[in-house]
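This briefing introduces a structure to a reader who has not met it before. Please view the sequence and the model first, then continue with the points below.

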Amino acid sequence: MPPPVRRLVWIVVAAGALALASPAFAEDAGLTPVDPKSPNAEAINDTYWMLVGVGGVILLLVEGALIAFMFRYRRRRRPVDDEGPQIHGNTSLEVLWTVVPVLIVAFVVGFVFYKLPEVSDFSEEAIASPEDAALEIEVAGRQFYWEFRYPDGSVTYDTLVVPVGRNVDVRVTAPDHDVIHSWWVPALGGKIDAVPGDPNRTWFRADEEGVYDGSCGEFCGVQHSAMRMSVRAVAADEYEAELERFAGNGEEQFTAACAKCHNLEGPQLIGPTLRGNPTLADPRALGELVRNGRGAMPAVGRGWSDDQVRSLVEYTQRFAEGGG
Ligand code: HEC
Ligand SMILES: [Cu+2]
């Protein structure tokens, strides 16, 4: 090889090694999906591994043949302008390389369509009694937090509490004045967009107790990266108590809806540091501010009920005086 080509080869090899090293050393090796903990996530995971398998076999065959042919048919001492044998047509080979890819594609498509219903709908037949009925949750993606409404009217922020082993019917939307977000809890299934005015629907059933992390999967503004959430799957008999712990909890509400832009103490984030601000103790002024926004502050609480403003003030009023 002439020296410039050799140098180029080394640069490509070194860059490739560096590029692969970062995912390899990432926390969870970076390349594989998280362990699925819900039937729909399992179906997605099965599809992923099927594609990795099919793609991997094709990669090995094609690259293996390429490398083998490079050695087998290299020039050796033949002159550069030596012509190889001229071959015209080979019917059985041509039929083979047409039929085999068609079969592979048919297999991939068939597999995906077989798994698809599991990803998108929960099976109503699995619901034997009213207690097994799906828990319907209204999810609103908002700048820059998640608001969860439960059948009993409870509201939680950035934390969704569910009983383990029960179907959860997730109705995902965003308020009309908001932007598009995307619901995404990898261990509990795929992404689904939260579109203003156009509700979407997905589901999950947590197989194990635990806390499953998720985040907004659609760039939605300045604090998009802070728009994280978690699903807490708890034993059925602890569900009520756990929901009560989070529902209407002003501290959770502040952390989700306000703290992404405001410190109570310390440096200014997107908005001013809030300790000592008298608005924090004034339900009318604070309600007015969060429902309408001001200047660069979006209307993070547009549509909030009086109860929601009250739970927030109950928590924030202690910071209005600079003490606390
Ligand atoms: C997306 C970022 C963001 C979020 C979320 C946010 N704010 Fe703000 N906030 C701001 C900005 C920016 C300002 C400065 C507004 C201006 O331009 O006057 C501000 C101003 C304020 C002020 C001071 C108003 C004044 O003039 O005294 C208060 C109080 C306040 N926010 C409370 C809250 C509360 C409570 C929440 C949660 C319900 C919240 N903010 C959520 C960005 C945000
Ligand atoms: Cu978002």
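At 11% relative accessibility, Thr202 counts as buried, a label for residues under 20% relative accessible area, with exposed meaning over 50% and partly exposed in between (1.4 Å probe, protein chains only). Thr202 belongs to strand E8 (residues 200–204); helices (H or I, at least four residues) and strands (E, at least two) are DSSP runs, numbered from the N terminus. The model is predicted: local features need pLDDT of at least 70 and side-chain atom pairs count only at pLDDT 80 or more, while totals for chains, interfaces and linings use all residues. Residues are numbered from 1 along each chain as its sequence is written, chains are lettered from A and ligands numbered from 1 in the order in which they are written, and side-chain values use heavy atoms, with hydrogens and water left out.

**Surroundings of Thr202**

- Leaving aside neighbours within four places in sequence, Thr202 is in contact with Asn40, Val168, Asp169, Val170, Val172, Trp183 and Ile192, where contact means heavy atoms within 4.5 Å.

**The copper site**

- The copper ion (ligand 2) has as its protein donors His181 (ND1), Cys216 (SG), Cys220 (SG) and Met227 (SD), which lie 2.1 to 2.5 Å from the ion.
- Donors are N, O and S atoms within 2.8 Å of the metal (3.2 Å for Na, K and Ca); water is not among the atoms, so sites may look incomplete.
- The arrangement around the copper ion (ligand 2) is tetrahedral because its four donor atoms subtend angles of 92 to 123°.
- Four donors count as tetrahedral if all angles lie between 85 and 135 degrees; four count as square planar and six as octahedral if opposite donors are over 155 degrees apart and all others between 65 and 115, and anything else is irregular.
- Along the sequence, the donor residues of the copper ion (ligand 2) follow the spacing H-x34-C-x3-C-x6-M.
- Distant parts of the chain are linked by His181, in strand E6 (residues 181–183), and Cys216, in the loop between strand E9 (210–215) and strand E10 (228–234), the two being 35 residues apart.
- Both His181 and Cys216 are buried.

**The iron site**

- His262 (NE2) and Met297 (SD) are the protein donors of the iron atom of ligand 1, at 1.9 to 2.2 Å from it.
- Six donor atoms surround the iron atom of ligand 1 and subtend angles of 86 to 178°, which makes the arrangement octahedral.
- His262 lies in the loop between helix H5 (250–257) and H6, and Met297 in the loop between H6 and H7, so the pair ties together parts that are 35 residues apart in sequence.
- His262 is buried, with a relative accessible area of 13%, whereas Met297 counts as partly exposed at 23% relative accessibility.
- Ideal angles at a metal are 109.5 degrees for four tetrahedral donors, and 90 or 180 degrees for six octahedral ones.

**Helices H6 and H7**

- Helix H6 (residues 283–292) packs against helix H7 (residues 306–316) at an angle of about 115°, with the axes 10 Å apart; axes are lines fitted to C-alpha atoms, for helices over the stretch in contact, and angles run from 0 to 180 degrees between N-to-C directions.
- The contact involves Pro283, Leu286, Gly287, Val290 and Arg291 of H6, together with Asp306, Val309, Leu312, Val313 and Thr316 of H7.
- Gly287 of H6 is buried, with a relative accessible area of 3%.
- The buried residues of H7, which are Gln308, Val309, Ser311, Leu312, Val313, Tyr315 and Thr316, pack against E2, strand E3 (155–157), H5 and H6.

**Backbone features**

- Most residues other than glycine have a negative phi, and most peptide bonds are trans.
- The peptide bond from Gln143 to Phe144 is cis, with omega near 0°.
- Gln143 lies in the loop between strand E1 (135–142) and strand E2 (145–149) and, not counting residues up to four places away in sequence, touches Asp178, Val179, His181, Cys220, Gly221, Pro298 and Val300.
- Arg76 has a positive phi, near 55°; this residue lies in the loop between helix H2 (39–72) and helix H3 (91–120) and is exposed, with a relative accessible area of 56%.
- Asp158 also has a positive phi, of about 65°; Asp158 is placed in the loop between E3 and strand E4 (159–163) and counts as buried at 12% relative accessibility.
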